[in-house]
Amino acid sequence: MPQYVAAIDQGTTSTRCMIFDHSGRVVAVDQLEHQQIFPQAGWVEHDAAEIWGNTRQVCGGALARADLDSTSIAAVGITNQRETTVVWDRATGEPVYNAIVWQDTRTQAICDELGALGGGAERYRAKTGLPLATYFAGPKARWILDNVEGARERAERGELAFGTMDTWVLWNATGGNEGGLHITDPTNASRTLLMNIDTLQWDPELCAEIGVPMSMLPEIRSSSENYGPIRARGTFRDVPVSGILGDQQAATFGQACLEVGEAKNTYGTGNFVLLNTGTEKVESKNGLLTTVCYKIGDQPQVYALEGSIAVTGSLVQWLRDNLGMISSAPEIETLAAQVDDNGGAYVVPAFSGLFAPYWRADARGAIVGLTRYVNKNHIARAVLEATAFQTREVIDAMNADSGVPLTELKVDGGMVGNEILMQFQADILDVPVTRPVVAETTALGAAYAAGLAVGFWSSEQDIRDNWAKDKTWTPAMDANSRDTLMSQWKKAVTRTFDWA
Ligand code: ADP
């Protein structure tokens, strides 16, 4: 009997493979970063071939570190950076263009054109749950077809395939141009602007309007079922792939937010708060997205309200890579710890406009409140605080949409090792913030989806039973200070508008 389940986590900055045991503990990890390609301001690309190469390597690497072979692995789950779009040639397996990353804003003109048909940014909300924004995958595919010579004709002849990164990894893993499976799940498909959020089917009208031929789209299956075995050499050969969840939905699943009203916040490149709303789809009136949270086999889909924040951890990377103020991300805490507050400075990281709850494509980043007093320690603190302020604004929107105030926030992701940030988050939210023992909830969620499909875990109760708390941060800030900080932050945000 195989004792383990593996997850491939194809993230924005790196690709990881993690092997979990039945209690949900990490047995082995391997990870490789890939190149971030910035061809011009506002554009972000990845080399999809490099990512597939890295995927194979980390799968082999994780097995080697655990001193296991494929026969010990019951199933493989895939989770992925969402919306990032790749179009490839079905016959050769070669991408026709670099993958266009979720943060990329080059589709603004396409979005403006679609919005001008009537309804503006809200044009697609009823059918897809999404505002019309550069964030989503459909217009990215359209851009590739419009800008790569001959691509549209080849797509119309059925020669090209579209995929988000789950689909790209699965297709390659299950045989590539020799019979690879062309499949996605509703959590990923719900981020394209092409899927009807009620029926979970591609919508012919949306596809025609956005300009993506349906012949290039993958089949939408559930998030947890046996899709087929891995055929690629060296990487879990013959093991079934049986789970696909977009990274944020996977983290929600891995955090055991399985009941209506349970929410988590993942602190990675960006931040993503997801609130489980059950089988009922809640339409946001406050700038959040309605998205599919998961669909397990034949069971009805579960929905989530989502607050997506584009720039949080990547602001820390910016401090490291663009300003050289720190040499590693965790070093920001050493700087920030030298001071008790932000010294009046606020950093609003509207690098690619602002996502939830503002959805302002015209915003650009700003540092405000500068005086001769402000030093690099204050800036480091303001950078951390930016993540907490943005989260508070999203939680406020969620409370307004759901009518039920959040009482506790489960957190995970790369930034939750930062004590200053976590305490400030609890303070500014005025609710406790809790980190689980296994902070790798994204990979864990994908492993759960895969393991449930093959009977490795018998029910969602196993997921609840495996969840364990590591630490809770309790609010300790007085209401006055909190309100002052929030109103200063909101004022700072308005300074970024009407720039681009
Ligand atoms: P992703 O899955 O989006 O690639 P991760 O969950 O791996 O991201 O988190 C990485 C992000 O967290 C990076 O943007 C990095 O700058 C940030 N980060 C990592 N450690 C810390 C820390 N101790 N303090 C603040 N930010 C951190």
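Student: In this predicted model, which residues is asparagine 418 in contact with, leaving aside its neighbours within four places in sequence?
Tutor: Good place to start! Contact here calls for heavy atoms within 4.5 Å. Once the neighbours within four places in sequence are set aside, the contacts of asparagine 418 are Ile332, Glu333 and Leu384.

Student: Where is asparagine 418 found, and is it buried or exposed?
Tutor: Asparagine 418 is found in the loop between strand 21 (409–412) and helix 13 (419–429). Its relative accessible area is 8%. A residue counts as buried under 20%, so asparagine 418 is buried.

Student: Which backbone nitrogen does the side chain of asparagine 418 reach?
Tutor: Look from the side chain of asparagine 418 towards the backbone of another residue, at a distance of 3.1 Å. The backbone nitrogen there belongs to leucine 421.

Student: Which other residues share the UniProt "binding site" feature with Asn418?
Tutor: This one comes from the UniProt record, an unreviewed entry. Besides Asn418, the feature is placed at Thr12, Arg16, Thr269, Gly313 and Gly414.

Student: Let's take glycine 313: where does it lie, and what does it touch, not counting residues up to four places away in sequence?
Tutor: Glycine 313 lies in helix 10. It is buried, as its relative accessible area is 10%. Not counting residues up to four places away in sequence, glycine 313 touches Gly268, Thr269 and Met415.

Student: Which residues of helix 10 are buried, and what do the buried residues pack against?
Tutor: Buried residues in helix 10 are Gly313, Ser314, Leu315, Val316 and Leu319. For the packing, look at what surrounds those buried residues. Their partners are helix 11 (331–336), strand 19 (346–348) and helix 12 (376–402).

Student: Which element gives the most to the shell around the ligand?
Tutor: There are 15 residues around the ligand, and Thr13, Thr269, Gly313, Gln317 and Gly414 come nearest. One element gives four residues to the shell, the most of any. That element, residues 313–321, is helix 10.

Student: How much of the ligand's accessible area does the protein cover?
Tutor: Begin with the polar atoms: ligand oxygen atoms are 2.6 Å from an N or O atom in the side chain of threonine 13, 2.6 Å from one in threonine 269, and 2.8 Å from one in glutamine 317. On its own, the ligand has 580 Å² of accessible area. The part that the protein covers is 82%.

Student: A second UniProt "binding site" annotation includes Glu83 and Asp247. Which residues does aspartate 247 touch, not counting residues up to four places away in sequence?
Tutor: That annotation, also from an unreviewed entry, covers Thr12, Arg82, Glu83, Tyr135 and Asp247. Aspartate 247 has its place in helix 9 (residues 247–254) and is buried, with a relative accessible area of 12%. Leaving out residues up to four places away in sequence, aspartate 247 touches Thr79, Asn80, Gln81, Arg82 and Thr442.

Student: And what is the relative accessible area of glutamate 83?
Tutor: Glutamate 83 lies in the loop between strand 5 (73–80) and strand 6 (85–89). Its contacts beyond four places in sequence include Trp102, Tyr135, Lys140 and Arg191. Glutamate 83 is buried, and its relative accessible area is 1%.

Student: Which backbone oxygen does the side chain of arginine 142 reach?
Tutor: Arginine 142 sits in helix 4 (residues 137–147) and counts as buried at 11% relative accessibility. Its side chain makes a polar contact of 3.1 Å with the side chain of glutamate 113. The side chain of arginine 142 also reaches a backbone oxygen at 2.9 Å, that of isoleucine 210.

Student: Last one: which residue in strand 18 is the bridge partner of leucine 289?
Tutor: Strand 17 (residues 289–294) is mostly covered, with six of its six residues buried. Strand 17 pairs with strand 18 (residues 302–309) in the antiparallel sense, over five bridges. In strand 18, the bridge partner of leucine 289 is glutamate 306.

Definitions and conventions: Residues numbered from 1 in each chain as written. Predicted model: local features only at pLDDT ≥ 70, side-chain atom pairs only at ≥ 80, totals over all residues. Heavy atoms only, no water. Buried < 20%, exposed > 50% of the residue type's maximum accessible area, 1.4 Å probe, protein only. Helix = DSSP H or I, 4+ residues; strand = E, 2+ residues; numbered from the N terminus. Pairing = 2+ DSSP bridges. UniProt positions renumbered as here; feature names shortened; annotations may be inferred. Polar contact = N/O pair within 3.5 Å; in protein donor to acceptor, adjacent residues only side chain to side chain. Near = heavy atom within 4 Å. Areas by Shrake-Rupley, 256 points an atom, 1.4 Å probe, with all protein chains shown as cover.
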